[in-house]
Amino acid sequence: MRKFDLAVVGAGIVGLSVALAAARRGLRVVVLERCARARGASVRNFGLITLTGQDRDSVWNRARRSREVWLEVAAQAGIPIVRRGLWVAARRAESAAVLEAFLRSDTAQGCELLSVAAARRRCPALGGENVQAVMWSPHELRVESREAIPALAAWLAREQGVVFHWETAVLGVEPPRLHTSRGPVSAAVTVVCPGDDRVTLFPERLAAAGVGRCKLQMLRLENPGFSLPGSVLSDLSLVRYGGFAGLPEALGLRRRLEAEQAEYLLHGIHLIIAQSADGSLVIGDSHHYEGADDARGADFAAEERIYALLLDEYRAVTGQYAPAVRERWTGTYAVAGGPAVLVDAPLPGVRLVVVTSGIGASTGFAIGEEVIGELFDT
Ligand SMILES: Cc1cc2nc3c(=O)[nH]c(=O)nc-3n(C[C@H](O)[C@H](O)[C@H](O)COP(=O)(O)OP(=O)(O)OC[C@H]3O[C@@H](n4cnc5c(N)ncnc54)[C@H](O)[C@@H]3O)c2cc1C
């Protein structure tokens, strides 16, 4: 049996990030993934590597480091960065107040508040009639996750010597041995990155940490005929992302949204518009939490009403009817109260790593470095 220094369970962005950090140290790494290729949250998301408006301590610092790694890896692995930057379109005075307060914080470096006229000169698609102010952030990157994640795995195998065992479910971990659906694997250290799988490995640890699941609805629209120089958010994100929502000014906005867009808040809807290289638009999303507060989270159905709300918000921001829908899909990710990432040590030489904040595309590379540093720095 071939022996590895590190086994990684799961080939989503978190598992690949752990594998990259280890391979960069010259470790012999094997990645074990139950699917034939990544099929979880990492390929169902917007592909938005974002830091603007993220909580400073839990996300922003990690997102800044991850952004650096994305740029390095994208260049080496031939992964296109399809869009850069972020536009936050405020349609209410209360939203503009949140943006002004945000701009006074140190996490707003490089961001600027623009008049509507100035914003439309650079991003004409922000044509909604009530748009009052727009914040521009130059920091965001966008990759096409469905292509980027497989390309990252292929590059890790080709250039970094990482061994991949696809269609191989890990059924148990007893260091230095892993029991898999294709026989045993030997590794000195194991990092389990299972995404929202809460039943296969260490279910009692995940339950004790309160790990649950969130379901999101997404869609792809045909090319609207305009080019978006960056991704777009609306007022709703200002009560969702911690770096905005934690500001005192967000209270007034929340009250107004409760009066005017209560159904959006009920379904955890905020609007992200992200354009792909072919001009099509990825739009989302909603948030339904499995368990306590919402039976929808445990359901697999995608509700048409939620798509209608998203498309209405799209129209309010762009001033245009949405083009035809090309695809609809749902995604799920792990959630928990408390820290943005769970790093647990269920056994000596084993770490369980779960991003519980729905922002793993933006933070995964930094988390991978942290986990490998803690395990292998002497
Ligand atoms: C709709 C949606 C939109 C999002 N948008 C963004 C965004 O724009 N920006 C952002 O930063 N984040 C975003 N996120 C969150 C981000 O996608 C996740 O935080 C991240 O992908 C989690 O990565 P992961 O590797 O932990 O999980 P996953 O991608 O789910 O990967 C886990 C993998 O582990 C495998 N696995 C599990 N158990 C086993 C086992 N026992 N044996 C073998 N294999 C196993 C699974 O098959 C799976 O492939 C979004 C998520 C969703 C769903």
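Which side chains does a polar contact of 2.8 Å join? I started from this question, working throughout on a predicted model, and found that the contact runs between the side chains of D196 and R213.

**Entry 1: D196**

I placed D196 in the loop between β10 (183-192) and α6 (203-208). Its relative accessibility is 16%, and because buried means under 20%, I noted D196 as buried. I then listed what D196 touches, leaving aside its neighbours within four places in sequence, and wrote down R213, T332, Y333 and A334. R213 therefore appears in my notes both as a contact of D196 and as its partner in the polar contact of 2.8 Å between side chains.

**Entry 2: R56**

I turned next to R56, which lies in helix α2 (residues 56-77) and which I recorded as partly exposed, since its relative accessible area is 32%. Not counting residues up to four places away in sequence, R56 touches N61, D106 and T107. With D106 the side chain of R56 makes a polar contact, side chain to side chain, at 2.6 Å. For T107 I looked up the separation, and found that R56 and T107 are 51 residues apart in sequence but 7.1 Å apart in space, taken from C-alpha to C-alpha.

**Entry 3: aromatic pairs**

How many aromatic pairs are there? I counted four, taking rings as paired if their centres lie within 6.5 Å. In one of them, the rings of W87 and W136 have centres 4.5 Å apart and planes at 45°, so I entered this pair as tilted. W87 belongs to strand β4 (residues 83-90) and W136 to strand β6 (residues 133-142), so the pair ties together parts that are 49 residues apart in sequence. I checked the accessibility of each partner: W87 counts as buried at 1%, and W136 counts as buried at 13%.

I also looked at F102 and F244, whose ring centres are 4.8 Å apart and whose planes stand at 65°, so this pair is edge-to-face. It links distant parts of the chain, with F102 in helix α3 (residues 93-103) and F244 in helix α7 (residues 242-245), 142 residues apart. Both F102 and F244 are buried.

**Entry 4: charges over rings**

I searched for arginines placed over aromatic rings and noted R146, whose charged end sits over the ring of W329 at 4.8 Å from the ring centre. I noted R328 as well, whose charged end sits over the ring of Y307, 5.0 Å from its centre.

**Entry 5: the ligand**

Which residues come nearest to the ligand? Of the 37 residues around the ligand, I listed E33, S42, L48, G360 and S362 as the nearest. For S42 I found a polar side-chain atom 2.5 Å from an oxygen atom of the ligand, while L48 places a backbone N or O atom 2.8 Å from a nitrogen atom of the ligand. I359 has a polar backbone atom that is 3.2 Å from an oxygen atom of the ligand. On its own the ligand has 1000 Å² of accessible area, of which the protein covers 96%.

Last, I looked at which elements contribute to the shell around the ligand, and wrote down α1 (13-23), β11 (212-221), β16 (325-335) and α11 (360-376), each of which supplies at least two residues.

How values were computed:
Residues are numbered from 1 along each chain as its sequence is written. This is a predicted model: local features need pLDDT of at least 70, side-chain atom pairs count only at pLDDT 80 or more; totals for chains, interfaces and linings use all residues. Side-chain values use heavy atoms; hydrogens and water are left out. Rings of Phe, Tyr and Trp (its six-membered ring) pair if their centres lie within 6.5 Å; planes under 30 degrees apart count as stacked, over 60 as edge-to-face and the rest as tilted. Helices (H or I, at least four residues) and strands (E, at least two) are DSSP runs, numbered from the N terminus. Buried means under 20% relative accessible area, exposed over 50%, partly exposed in between (1.4 Å probe, protein chains only). A charge sits over a ring if NZ of Lys or CZ of Arg is within 6 Å of the ring centre and within 35 degrees of the ring normal. A polar contact is a pair of N or O atoms within 3.5 Å; within protein, one must be able to donate a hydrogen and the other to accept it, and residues adjacent in sequence count only if both atoms are side-chain atoms. Contact means heavy atoms within 4.5 Å. A residue is near a molecule or strand if one of its heavy atoms lies within 4 Å of it. Accessible areas come from the Shrake-Rupley method with a 1.4 Å probe; for residues, only the protein chains shown count as cover.
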